[in-house]
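Here is a short briefing on one structure, covering a sheet and the helices that go with it. The sequence and model follow.

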Amino acid sequence: MRSSRPAARTAPVPRSAKTGISRLLACLVEDLAAQLASLGHRVYLAGRVGQDPFAELALSRVREVGVDLRYLQEDPEHTTSSVLILVVPGGERAMVSAEGASRYLDPALFKPRFLDQADAVVLSAYALVGGPSRSYAAEVLEAARRREMPVFADLGTGAVRAAGRELLRHLRGVDWLLMNQAELLALTGASSLSGGIARLREEGFRHLAIKVGAMGSILVTPEGEELLEPYPVEDIVDSTGAGDAYTAAFAHALLSGRSPLEAGRLANLAGALAATGLGAQGRLLRLEDLEVKAR
């Protein structure tokens with residue numbers, strides 16, 4: 001897919017984008033937070049875990065890469081949320097989620113001043129599915145809008161299935177909405193990529209990044225759409241962390257002052273590299289991974 005008009009070369013980014021490391025508030029995106037921290041950003045994780053051994057296991061890698069956990073909540077009643085992942089040869093997988101503490105992220109503990117330390121927000125749509133976490137996420141989004149702070153919102157198949165078009169009401173106005181092809185079609189009810197993009201445009205979403213599997217990804221801006229070719233890698237092991245790596249690299253590139261097209265290409269590379277490791281955090285990105293492609 002390619003429009004007759006080139007995709008935009010500029011998009012909303014923090015004023016500090018040219019100065020180096022950015023600071024981000026990551027809401028219910030532990031794996032994405034780990035990827036961003038591994039790329040050198042200062043990341044504050046807003047989430048909730050149970051008081052159980054699995055919490056330590058789930059947080060071990062984010063601690064290792066220096067994610068700041070001052071906004072992490074502990075739940076005395078609910079266990080840490082978990083996902084059972086079934087991986088088949090070739091790296092494709094199926095997931096079974098178990099609702100846990102993350103759904104009970106307490107909005108009373110969020111303070112708008114949390115964003116005083118941030119340049120941007122990265123938010124998982126799973127936070128908007130329901131329960132107290134929806135109110136927490138809504139407050140984060142409102143505080144970011146009041147500050148005119150860039151927001152990257154990452155959809156998820158489970159979130160789209162659970163909340164559907166209700167997600168659009170909360171996410172309208174975010175700077176970048178990221179998803180895969182299946183999520184786009186399920187969210188909009190469209191039967192084609194072009195139809196889904198058109199419906200999101202009608203809803204007021206101006207900047208989209210859509211992963212389309214072996215075709216790469218599609219970047220959508222007010223000026224048009226651009227299909228960005230995939231980055232070929234060998235030895236695909238597990239695609240579980242590919243989407244988070246894509247979003248992390250995309251946000252990293254824009255926050256570092258790159259154009260949306262450059263960000264999309266680096267994100268394709270990051271997603272491919274992540275699929276060469278086992279698990280969502282099995283292959284954390286490094287700056288040199290993306291610098292090689294940049295050259």
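Asparagine 180 has lysine 211 in β9 as its bridge partner. The pair belongs to strands β8 (residues 176-180) and β9 (residues 208-211), which run parallel and share four bridges; strands count as paired if DSSP finds at least two bridges between them. The model is predicted, with local features needing pLDDT of at least 70 and side-chain atom pairs pLDDT 80 or more, while totals for chains, interfaces and linings use all residues. Residues are numbered from 1 along each chain as its sequence is written, and side-chain values use heavy atoms, without hydrogens and water.

**Sheet**
- Nine strands (DSSP E runs of at least two residues, numbered from the N terminus, as are helices, H or I runs of at least four) form an open sheet of mixed pairing in the order β3-β2-β1-β6-β7-β8-β9-β10-β11.
- β3 (72-75) and β11 (224-228) are the edge strands, each with a single partner, so one side of each has no neighbour in the sheet.
- On average, neighbouring strands are turned by 15 degrees against each other, direction ignored.

**Helix α8 on the sheet**
- α8 touches β1, β6, β7, β8, β9 and β10, contact meaning heavy atoms within 4.5 Å.
- The direction of α8 makes about 170 degrees with that of β7 (151-154); angles run from 0 to 180 degrees between N-to-C directions, with axes fitted to C-alpha atoms, for helices over the stretch in contact.

**Helices α8 and α9**
- α8 (residues 242-255) and α9 (residues 260-274) pack at about 150 degrees, their axes 7 Å apart.
- The two helices are therefore roughly antiparallel, a term for angles over 145 degrees.

Key
Parallel < 35°, antiparallel > 145°, perpendicular 65-115°, else oblique.
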